[in-house]
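Thanks for making the time this morning. I would like to walk through one structure with you, and I will put the sequence and the model up now so that you can follow along as I speak.

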Amino acid sequence: VMVEAATSTHAEILRSAARIFAQVGYRAATMQGIASAAGFTPPTLYAHFGSKQGIFEGLGDALTAELYAVLGRELPKGLTLAQFLELRIRDVLELAERQRDVFVMVIVRPYDLPDLDPVRDDHALLQRHWESIFEERRDELSDRTATEAALLLEGVLYASVKLWLRSGEDRIAHRTPRLVDMILHGLGSSR
């Protein structure tokens with residue numbers, strides 16, 4: 001029961017911090033403001049995370065863990081590239097919906113964030129994930145390399161999520177077929 005309470009407190013602090021960071025920015029956020037939003041006192045936040053930077057890193061770790069769980073989900077065998085991308089991109093966009101405040105913080109307000117540990121390079125790992133998918137389905141890529149296709153996919157996803165966050169709409173996952181079509185066929189696509 002004590003572990004569940006600590007885990008619940010930890011999760012509530014992270015949710016509240018993400019909301020505050022998304023609303024006012026990392027630099028303007030205070031431990032007092034986060035504590036108030038979470039329904040705790042500042043000493044509770046310090047006990048769990050040590051500092052505002054610790055909370056930020058906790059958010060990054062939580063998002064990374066959830067992203068890798070999404071990317072590691074087994075998909076059916078024998079899918080075409082379009083089918084595979086449709087399922088995988090929908091998973092990523094549903095993650096964005098669940099973690100909207102964290103995505104606002106990272107995509108809309110990146111200039112306001114502190115530096116992260118330089119050893120940690122989640123972006124490179126993510127790019128390698130997409131490259132491996134394209135490499136396995138090389139025969140469906142036409143004249144693009146796996147690296148080009150991975151970078152194109154990342155760019156389309158990033159731009160689409162950024163536009164969605166600015167739009168104020170609740171959902172983005174329903175746009176998956178359009179995004180897959182754009183990735184595979186370019187901007188001239190009519191879908």
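Ser142 counts as exposed, because its relative accessibility is 64%, and in this model, which is a predicted one, Ser142 is found in the loop between α7, residues 122-136, and α8. What is the sign of phi at Ser142? The value is positive, near 60°, and that in a residue other than glycine. As background, most residues other than glycine have a negative phi.

A positive phi also turns up at the other end of the helix that comes after that loop, since α8 is followed by Gly168, where phi is near 85°.

Let me stay with α8 itself, which runs over residues 146-167 and has 22 residues. From its first C-alpha to its last it reaches 31 Å, which is close to the 32 Å expected at 1.5 Å a residue. The buried residues of α8 are Ala146, Ala149, Ala150, Leu153, Glu154, Val156, Leu157, Ser160, Val161, Trp164 and Leu165. Where do they sit around the axis of α8? They cover an arc of only 165°, which means that they are on the same side of the helix. In general, an α-helix has 3.6 residues a turn, so residues three or four places apart point the same way. On the face of α8 turned away from its buried side we find the exposed residues Leu163 and Arg166.

For α5, residues 81-98, the same length check can be made: its 18 residues should span 26 Å at 1.5 Å a residue, and its end C-alpha atoms are indeed 26 Å apart, so the two values agree. The buried residues of α5 include Leu81, Phe84, Leu85 and Ile89, and among them there are also Arg88, Asp91 and Glu97.

Stepping back to the whole chain, the protein has nine helices and zero strands. Of its 191 residues, buried ones make up 42%. If we take contacts between residues at least 6 apart in sequence, 67% of them join residues at least 24 apart.

Some individual residues show what such contacts look like, and I will begin with Phe21, which lies in helix α1 and is buried, with a relative accessible area of 0%. Leaving aside its neighbours within four places in sequence, Phe21 is in contact with Tyr26, Ala29, Ile34, Lys52, Ile55, Phe56, Leu59, Met105 and Arg109. Phe21 and Asp112 are 91 residues apart in sequence, yet their C-alpha atoms are 9.3 Å apart in space.

Leu113, in the loop between α6 and α7, is buried as well, with a relative accessible area of 15%. With residues up to four places away not counted, Leu113 touches Tyr26, Arg27, Phe56, Met105 and Val106. Between Leu113 and Tyr26 there are 5.9 Å from C-alpha to C-alpha, although the two are 87 residues apart in sequence.

Thr9 is another residue of helix α1, and it is buried at a relative accessible area of 14%. Beyond its neighbours within four places in sequence, Thr9 is in contact with Phe40, Thr44 and His48. Phe40 appears again in the contacts of Ala35, which, on the same terms, also include Thr41, Pro42 and Leu45. Ala35 is placed in helix α2, residues 31-38, and counts as buried at 0% relative accessibility. From Ala35 to Tyr46 the C-alpha separation is 9.8 Å, with their positions 11 residues apart in sequence.

Lastly, the empty space. How much of it lies in the second largest pocket? About 270 Å³, and of the 16 residues that line this pocket, the closest to its centre are Leu14, Arg15, Leu59, Gln99 and Val102. The elements that give two or more residues to this lining are α1, α4, α5 and α6, and α1 gives the most, with six residues. By character, the lining divides into seven nonpolar, three polar and six charged residues.

That is where I will stop, and I am happy to go back to any of these residues on the screen.

Methods: Residues numbered from 1 in each chain as written. Predicted model: local features only at pLDDT ≥ 70, side-chain atom pairs only at ≥ 80, totals over all residues. Heavy atoms only, no water. Helix = DSSP H or I, 4+ residues; strand = E, 2+ residues; numbered from the N terminus. Expected span 1.5 Å × (residues − 1). Buried < 20%, exposed > 50% of the residue type's maximum accessible area, 1.4 Å probe, protein only. Arc of directions from axis to C-beta. 1 Å grid on protein atoms, 1.4 Å probe; cavity = no way out; pocket = protein on both sides within 12 Å on 5 of 7 lines; lining within 4 Å. Points joined across faces, edges and corners; volume = space filled by probe spheres on them. Nonpolar A, V, L, I, M, F, W, Y, C, P; charged D, E, K, R; others polar. Contact = heavy atoms within 4.5 Å.
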